[in-house]
Amino acid sequence: MKTFTFDDLLQSYFSERWLTERSRISYSVPVKLFRRFVGQDKLPAEVSRDDVREWREFCFSEEGRNLAHSSWNNYCRHNRILFKHAIDHALIDISYNPFAKMEVSSPKKRKKTLSKRQVDMAREAISLYKRIEVHQGKPSMLHPVWFWEAVFETFYHTGIRLTQLLLMKPEDVNLKSRVLTATWQGAKNNREHFVPISNALYPHLENLLNSARAVGIQRGEQLFNVNRFSVRHRMETMDSWQVESFYQKLSQICGYQMSPHRFRHTLGTELMKEPDRNLHIVKALLGHSNISTTLEYVEVDIGSLRSAIEGRV
């Protein structure tokens, strides 16, 4: 039997499955981390259950940076799938998957959301820095503020994922129909979905599209690209680090943590607090494949729970 390496295993699995580049990375990274622990020379056929147990203990230790339970389960799941592929196709001479049943129970924490007061404070901070930038005539801490305001409002009003924002093109924004296309490439379930453009979001997207045309951004190019509008950013395309850097600065200014995903949680939670709440509408808006995923994003309103209990009297 051919000596099968981890690289061979990855290439074999990728040749069987039609995966996006992001999905391929989701398999390659756990393999890379595991090989770093057990040694680069170890072959898949030589991996034992003890190797996996020791790696798990290391990951949860201080030396392993106290890995989150969900992260370990993600690493374990991807490696388990690869080893199953190897066993099913007789690529390696082992009978039992060393990663089988090695996941751990992951604590279900409440999704982090933002209160209306926190959102309002963030908007006030953005407005303040926008005025500072205009009056001083030079870049501020949140430069260019008008652009990041558009990013902020887009996440708030649509709940799209960070990757979907980064992949958005001018052709994905239809101001006439007031519909925004959230691309399938940026979704976990590889499904494209549509989001209505609200009245509050409309002027921000209109300004962004007009500015994009002014700097020569074409229909098929990245729309949310700070590098095309900034005097101090020099990258070709905007990446997740630049967005995260903005939110880190905004979080520092406001005194509490903000991120694109918190807006996603907040949108789902707020919609489910409405009197005419509809779980299927929230599911469609967030682009989920099934209701169970949507339920994980929706925080139960304590006021509704109190009313239900009081109603028993």
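## A buried pair of rings

Let's start with two residues tucked inside this predicted model: Tyr-156 and Phe-263 are both buried. Tyr-156 also has a charged neighbour, since the charged end of Arg-123 sits over its ring, 4.5 Å from the ring centre.

## Aromatic rings in pairs

How many aromatic pairs does the structure hold? The count is 22. Take Trp-146 and Phe-147: their ring centres are 6.1 Å apart and their planes meet at 90°, so this pair is edge-to-face. Are these two residues buried or exposed? Phe-147 is buried, with a relative accessible area of 0%. Trp-146, on the other hand, is partly exposed, and its relative accessible area is 25%.

Now back to Tyr-156 and Phe-263. Their ring centres lie 6.2 Å apart with the planes at 85°, so they too form an edge-to-face pair. Look at where they sit along the chain: Tyr-156 belongs to helix H6 (residues 145-158), while Phe-263 belongs to helix H10 (residues 260-273), so this pair ties together parts that are 107 residues apart in sequence.

Both pairs belong to a bigger picture. Ring pairs join up a cluster made of Trp-146, Phe-147, Trp-148, Phe-152, Phe-155, Tyr-156, Phe-224, Phe-229, Phe-246, Tyr-247 and Phe-263.

## A closer look at H10

Helix H10 is a handy one for a quick check of length. With 14 residues at 1.5 Å a residue, H10 should span 20 Å, and its end C-alpha atoms turn out to be 21 Å apart, which agrees.

How much of H10 is covered? Mostly, the helix is: 10 of its 14 residues are buried. Phe-263 is one of them, alongside Pro-260, Arg-262, Arg-264, His-265, Thr-266, Leu-267, Gly-268, Thr-269 and Met-272. So the list of buried residues includes Arg-262, Arg-264 and His-265 as well as Leu-267 and Met-272.

## Cysteines without a bond

What about disulfides? The structure holds zero of them. Cys-59 shows why: the closest cysteine sulfur to its own is in Cys-76, and at 10 Å that is too far for a bond. A disulfide would need the two sulfur atoms within 2.5 Å.

Cys-59 is buried, with a relative accessible area of 6%. Cys-254 counts as buried too, at 13% relative accessibility, because the cut-off for buried is under 20%.

## A buried aspartate in a loop

Where is Asp-172? You'll find this residue in the loop between helix H7 (162-167) and strand S1 (173-174). Despite the loop address, Asp-172 is buried, with a relative accessible area of 9%. Leaving aside residues up to four places away in sequence, Asp-172 touches Leu-167, Val-179, Leu-180, Thr-181 and Thr-183.

## The whole chain

Time to zoom out. The chain's secondary structure comes to 13 helices and three strands, and its C-alpha trace spans about 70 × 65 × 40 Å along the principal axes. Of the 313 residues in the chain, 42% are buried.

Contacts tell you how the chain meets itself. Among those between residues at least 6 apart in sequence, 59% join residues at least 24 apart. As for the outside, the accessible surface of the chain comes to about 17900 Å², and 50% of that belongs to carbon and sulfur atoms.

Technical notes
Residues are numbered from 1 along each chain as its sequence is written. This is a predicted model: local features need pLDDT of at least 70, side-chain atom pairs count only at pLDDT 80 or more; totals for chains, interfaces and linings use all residues. Side-chain values use heavy atoms; hydrogens and water are left out. Rings of Phe, Tyr and Trp (its six-membered ring) pair if their centres lie within 6.5 Å; planes under 30 degrees apart count as stacked, over 60 as edge-to-face and the rest as tilted. Buried means under 20% relative accessible area, exposed over 50%, partly exposed in between (1.4 Å probe, protein chains only). Helices (H or I, at least four residues) and strands (E, at least two) are DSSP runs, numbered from the N terminus. A charge sits over a ring if NZ of Lys or CZ of Arg is within 6 Å of the ring centre and within 35 degrees of the ring normal. The expected span of a helix is 1.5 Å times one less than its number of residues. Contact means heavy atoms within 4.5 Å. Accessible areas come from the Shrake-Rupley method with a 1.4 Å probe; for residues, only the protein chains shown count as cover.
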